[in-house]
Amino acid sequence: GLRTQIYNNPANSWTIHGLAASLCLSPSYFQHLYKDFFHCSCQQDIITARLTLAKYYLATSTMGIGEIADFCGYVNDVHFMRQFKKFTGKTPTAYRQGIH
């Protein structure tokens with residue numbers, strides 16, 4: 001399904017408009033259906049999928065923060081670091097240090 005595609009490919013440049021168009025729905029109706037069905041917004045799911053992938057790379061690789069941001073679909077590492085801290089309470093570096 002659509003949600004599986006998002007979680008399997010979080011680095012894709014998913015957009016609400018593009019996802020809605022792929023289902024022949026208006027963006028607002030698509031967002032309404034998504035929230036009803038999955039109990040969270042599509043945008044939140046995209047963020048969660050990206051951060052889950054980022055946590056995996058932080059825990060299992062020696063890739064730099066910029067590389068991880070890129071692999072997870074962020075246009076720049078600053079946006080990635082802000083979003084990571086907002087949703088996890090830690091910077092990516094602090095998260096990685098807490099694991100090892």
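Reader: Which residues of the largest nonpolar core touch the most other members?

Author: A nonpolar core is a set of buried residues of certain kinds, joined through side-chain atoms within 4.5 Å. In this predicted model, the largest such core has 13 residues, and L51, A54, I68, C72, Y74, F80 and F84 touch the most other members.

Reader: Which helices each supply at least two residues of this core?

Author: Those helices are α4 (42-60), α5 (65-71) and α6 (77-88). With five residues, α4 gives the most to this core.

Reader: Where does another core lie?

Author: Another core, of 11 residues, lies apart from the largest one. Among its residues are I16, L19, F30 and Y34.

Reader: What is C72 in contact with, leaving aside its neighbours within four places in sequence?

Author: Contact here means heavy atoms within 4.5 Å. By that test C72 is in contact with P10, A11, R50, L53, A54 and Y57.

Reader: How many helices and strands does the protein have?

Author: The count is seven helices and zero strands. Read along the sequence, the pattern is α-α-α-α-α-α-α.

Reader: What percentage of the contacts with a separation of 6 or more do residues 24 or more positions apart account for?

Author: Such pairs account for 52% of those contacts in the protein.

Reader: What does the C-alpha trace span, and how many residues count as buried?

Author: Along its principal axes the trace spans about 45 × 20 × 20 Å. Of the 100 residues, 32% count as buried. The protein exposes about 6100 Å², and carbon and sulfur atoms supply 56% of that area.

Conventions: Residues numbered from 1 in each chain as written. Predicted model: local features only at pLDDT ≥ 70, side-chain atom pairs only at ≥ 80, totals over all residues. Heavy atoms only, no water. Helix = DSSP H or I, 4+ residues; strand = E, 2+ residues; numbered from the N terminus. Buried < 20%, exposed > 50% of the residue type's maximum accessible area, 1.4 Å probe, protein only. Areas by Shrake-Rupley, 256 points an atom, 1.4 Å probe, with all protein chains shown as cover.
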